[in-house]
Amino acid sequence: MQLDWIDDILAVIDTGSLAAAAERRLLTQPAFTRRVRGIEERIGAALFDRSRKPVAVLPGVLALEPELRELSGRLRRLQQDLRVSAEDARRGVTLVCQHAITTTISPRIVRDLTASQDISVRVRSGNRDECLMLLLSGEADFAVAYEVPGERDPMLPQAFDRAELETDLLVPVHASGLETAEARTAMPVIGYPPDVFLGQVFDRFVAPRLPAGFTYEVRAETALTLAACEYALGGIGVAWLPLTLVAPHLAAGRLCRAEGLPDQPLTVTLMRLLGGSPRRSDQSWQMLSRQPGPS
């Protein structure tokens with residue numbers, strides 16, 4: 001059932017005649033009459049009693065008036081939703097970031113995108129694996145995630161375009177006074193689960209470089225860097241956190257760098273699905289990655 005057909009039928013119901021309905025539908029009466037007959041032919045049933053003057057809507061059709069009005073409204077809403085979706089697809093990009101990057105680095109990226117182009121940016125957040133899955137499924141145009149310099153996932157060059165945006169540093173921090181309070185016992189630490197990116201970074205690159213004789217006890221574990229930061233601020237333990245996240249707390253004296261414990265460099269990397277990004281995102285990629293456009 002087409003929306004125009006429904007509106008034609010409702011126009012006759014509302015006005016009580018083909019002539020008045022034709023005027024409402026901005027058609028001549030002969031043209032409207034031909035269109036009504038076409039509707040009946042397509043449906044395969046009569047809709048109007050032509051034995052009466054003026055033509056009347058058949059009782060069975062009148063009984064369906066509430067359903068016709070509801071269907072008309074639903075089809076109009078669907079048209080609008082499709083129009084908005086199409087406009088968003090033409091004008092917007094979806095960016096997915098690792099949780100800490102969403103808070104610290106994505107505001108600059110969004111500012112650059114919206115200042116240079118007439119587009120909207122939808123920002124999503126997840127752990128690193130979730131970011132890559134959203135790229136692979138086509139639900140995101142770009143992902144921004146951490147890498148360890150020189151330790152790229154061997155699958156990334158095959159599946160993704162990538163560009164290094166900037167560097168960061170995973171630093172051990174704690175609330176003031178924590179070390180002296182725990183000097184005679186194992187150092188309390190806020191850990192990451194071993195199946196998330198920063199947990200793997202700690203196990204592979206940080207733990208092997210801890211000082212000889214250093215012992216620690218995991219007091220809390222979380223996959224969220226923002227939560228780990230709050231735990232560190234609360235004096236629960238030492239947390240290894242991105243410097244971009246904790247720099248304001250260090251400057252204000254709310255957190256201190258843990259002396260003698262190793263840092264770990266990180267690279268902030270922009271990625272997109274190789275050959276899968278729609279044309280509308282090409283300009284955004286070139287601008288963010290500082291890559292030259294086609295000549």
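**Exercise 1. Decide whether I6 is buried or exposed, and place this residue in the fold.**

Step 1. I6 has a relative accessible area of 0%, so I6 is buried; buried means under 20% relative accessible area, exposed over 50%, and partly exposed in between (1.4 Å probe, protein chains only).

Step 2. The model is predicted: local features need pLDDT of at least 70, side-chain atom pairs count only at pLDDT 80 or more, and totals for chains, interfaces and linings use all residues. Residues are numbered from 1 along each chain as its sequence is written, and side-chain values use heavy atoms, with hydrogens and water left out.

Step 3. I6 sits in helix α1 (residues 3-15). Helices (H or I, at least four residues) and strands (E, at least two) are DSSP runs, numbered from the N terminus.

Step 4. Between the C-alpha atoms of I6 and L71 there are 8.2 Å, although 65 residues separate the two along the chain.

**Exercise 2. Find the salt bridge of D7 and describe both partners.**

Step 1. A salt bridge is a side-chain nitrogen of Lys or Arg within 4 Å of a carboxyl oxygen of Asp or Glu. By this rule the count comes to twelve salt bridges.

Step 2. The partner of D7 is R76, with 2.7 Å between the closest N and O atoms. This pair links distant parts of the chain, 69 residues apart: D7 belongs to helix α1 and R76 to helix α5 (residues 65-91).

Step 3. D7 is buried at 10% relative accessible area, whereas R76 is partly exposed at 40%.

**Exercise 3. Compare the pairs R128 with E147 and R219 with E217.**

Step 1. R128 and E147 form a salt bridge at 3.9 Å, N to O. R128 is in helix α8 (residues 128-136) and E147 in strand β5 (residues 142-147), so this pair ties together parts that are 19 residues apart in sequence.

Step 2. R128 is buried at 10% relative accessibility, and E147 is buried at 2%.

Step 3. In the salt bridge of R219 and E217, the closest N and O atoms are 3.6 Å apart. R219 is partly exposed at 42%, and E217 is partly exposed at 39%.

**Exercise 4. Which residues touch the most other members of the largest nonpolar core?**

Step 1. A nonpolar core is a set of buried Ala, Val, Leu, Ile, Met, Phe, Trp, Tyr and Cys residues joined through side-chain atoms within 4.5 Å.

Step 2. The largest core has 48 residues, and V144, Y146, V238, W240, L241 and V246 touch the most other members. Helix α11 (residues 197-206) gives the largest share, six residues.
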